[in-house]
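I sat down with this one today to look up sheets, helix packing, aromatic rings and empty space. My notes follow the structure.

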Amino acid sequence: MKVTIDPNSGFCFGVNQAIQTAESELEAGNAIYCLGEMVHNKVQMDQLKAKGLIVINHTDLPSLIGRKVMVRAHGEPPETFQLIKDLGITLIDATCPIVTNLQQKISESYTSGQASGAQVVIYGKSGHAEVAGLNGNAGNDAIVVTKESDFEKIDFSKPTRLFSQTTMDGEGYARIGEAIRKRMLEVGNSDLNINKSVCRQVSGRAPMLRVFAAEHDVILFVGGSNSANGAYLFSVCKDKNEKSFFISTKEDIDLNWFENITSVGITGATSTPGWLIEQVSDFIKGL
Ligand code: SF4
């Protein structure tokens, strides 16, 4: 049985950079407190916690004066950075530069749109940490939508600035953008600005993943059950190859999946560590 690891799998560079920052701090013996889970992958998080990373939430901040607090790749709203500063906490900012750039664009768009009454709409998952950070840069006034049934919150007569959470699917974003345009045109409004803000590390993977999924008899998709990006990329595999299976670790593997097949492709989400994918590959090769 031929086993192939998807060459495009493994952490995206934003998550990779954040994890490297945390690991080098921990190796230097520093106590690091991270605001929320660094990555939507339990196996990787367990490993970081074993090395000493402590996951906290915002209500813990006042008790961490003088300590080092890390902001993860998803970023945070401006209020969090202000609070960290006011409390005299040492900040380790591991916000992905692409997210920082998007936050700045949203902030500029929000500020410049005040005079014309423009609204900021974000295509993303309500409650997701990145969306909270993006919305914070729009005065927490942005309208968050994931599907057309959320459109009741949009005023289609207003100028609209549309952005996407970086890890949403590009095809879904295009559909939402066109649906908003159509509803705006129905009330004679064409002032819609659609910003290309899906990260290329995500949007670029879907077409390559379709090819990879079609090339193998069975696909093992390694990911965390709480990863939005993992759920989307897995659906891309499943669409192309019915024999695609979502696993979090090698323990989830069912040996019946490999009956009468000659090739297995192993891939994962942008939050899946390369070492975990290697571990699954070694296990299959050892069968
Ligand atoms: S998916 Fe893209 S924007 Fe999001 S953390 Fe990774 S590299 Fe950064």
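These entries go through the two sheets, a helix pair, an aromatic pair, and then the pocket and cavity.

**Entry 1: what I am looking at**
I note at the start that this is a predicted model.

**Entry 2: the sheet with β1**
I began with the sheet that holds β1. I found four strands in an open sheet, in the order β1-β12-β10-β11, with parallel pairing. Which strands stand at the edges? They are β1 (2–5) and β11 (244–247); each has a single partner strand, so one side of each is left without a neighbour in the sheet. From one strand to the next, I read an average twist of 20°.

I then followed one pairing along its length. β1 and β12 (residues 263–268) run parallel and are joined by four bridges. A handy place to look is I5, which stands opposite I266 in β12. A reminder to myself: strands of a sheet pair through backbone hydrogen bonds, either parallel or antiparallel.

Two helices lie across this sheet, and I looked up both. Helix α8 (residues 205–214) lies across β1, β10 and β12, and runs at about 160° to β12. Helix α9 lies across β10, β11 and β12, and its angle to β11 is about 160°.

**Entry 3: the sheet with β7**
Next I turned to the other four-stranded entry on my list. This open sheet has the order β7-β6-β8-β9, and its pairing is parallel. At its edges I found β7 (143–145) and β9 (192–194), each pairing on one side only. The twist averages 20° from one strand to the next.

Which helix packs on this sheet? Helix α6 (residues 170–186) does, touching β6 (119–123), β7, β8 and β9. The direction of α6 makes about 175° with that of β9.

For a closer view I picked β8 (residues 160–164), which runs parallel to β9 and is joined to β9 by three bridges. In this pairing T160 stands opposite L192 of β9.

**Entry 4: α4 against α5**
I wanted to see how two helices meet. Helix α4 (residues 97–113) and helix α5 (residues 129–136) pack at an angle of about 35°, and their axes are 8 Å apart. On the α4 side the contact is made by V99, L102, Q103 and I106, and on the α5 side by E130, G133 and L134. Sorted by class, I get four nonpolar, two polar and one charged residues in this contact.

**Entry 5: aromatic rings**
How many aromatic pairs are there? The count comes to seven. I wrote down one of them in detail: F221 and F234 are edge-to-face, 5.9 Å centre to centre, with 65° between the planes. F221 belongs to strand β10 (residues 218–222) and F234 to helix α9 (residues 228–240), so the pair ties together parts that are 13 residues apart in sequence.

**Entry 6: the largest pocket**
On to empty space. The largest pocket has a volume of about 250 Å³. It is lined by 13 residues, and the closest to its centre are I98, K196, S197, V198 and C199. Both α4 and α7 (200–203) supply at least two residues of this lining, and α4 gives the most, with four. By class, the pocket lining divides into five nonpolar, five polar and three charged residues.

**Entry 7: the largest cavity**
How many cavities of 30 Å³ or more did I find? The count is one. The largest cavity has a volume of about 300 Å³. Its lining holds 24 residues, and nearest its centre lie C12, V15, H74, T167 and T270. The elements that give two or more residues to this lining are α1 (13–27), α4, α7 and α9. The largest share, three residues, comes from α1. By class, I note twelve nonpolar, eleven polar and one charged residues in the cavity lining.

**Entry 8: a cross-reference**
Looking back, α4 turned up in several of my entries: it packs with α5, gives four residues to the pocket lining, and is among the elements that line the cavity. Likewise, α9 lies across β10, β11 and β12, and F234 of the edge-to-face pair lies in α9.

How values were computed:
Residues are numbered from 1 along each chain as its sequence is written. This is a predicted model: local features need pLDDT of at least 70, side-chain atom pairs count only at pLDDT 80 or more; totals for chains, interfaces and linings use all residues. Side-chain values use heavy atoms; hydrogens and water are left out. Two strands pair if DSSP finds at least two bridges between them. Axes are lines fitted to C-alpha atoms, for helices over the stretch in contact, and angles run from 0 to 180 degrees between N-to-C directions. Contact means heavy atoms within 4.5 Å. Ala, Val, Leu, Ile, Met, Phe, Trp, Tyr, Cys and Pro count as nonpolar, Asp, Glu, Lys and Arg as charged, and the others, Gly among them, as polar. On a 1 Å grid over the protein atoms alone, a cavity is a set of points where a 1.4 Å probe fits but cannot get out, and a pocket is an open set with protein on both sides within 12 Å along at least five of seven lines; lining residues have an atom within 4 Å of a point. Grid points are joined across faces, edges and corners, and a volume is the space filled by probe spheres set on the points. Rings of Phe, Tyr and Trp (its six-membered ring) pair if their centres lie within 6.5 Å; planes under 30 degrees apart count as stacked, over 60 as edge-to-face and the rest as tilted.
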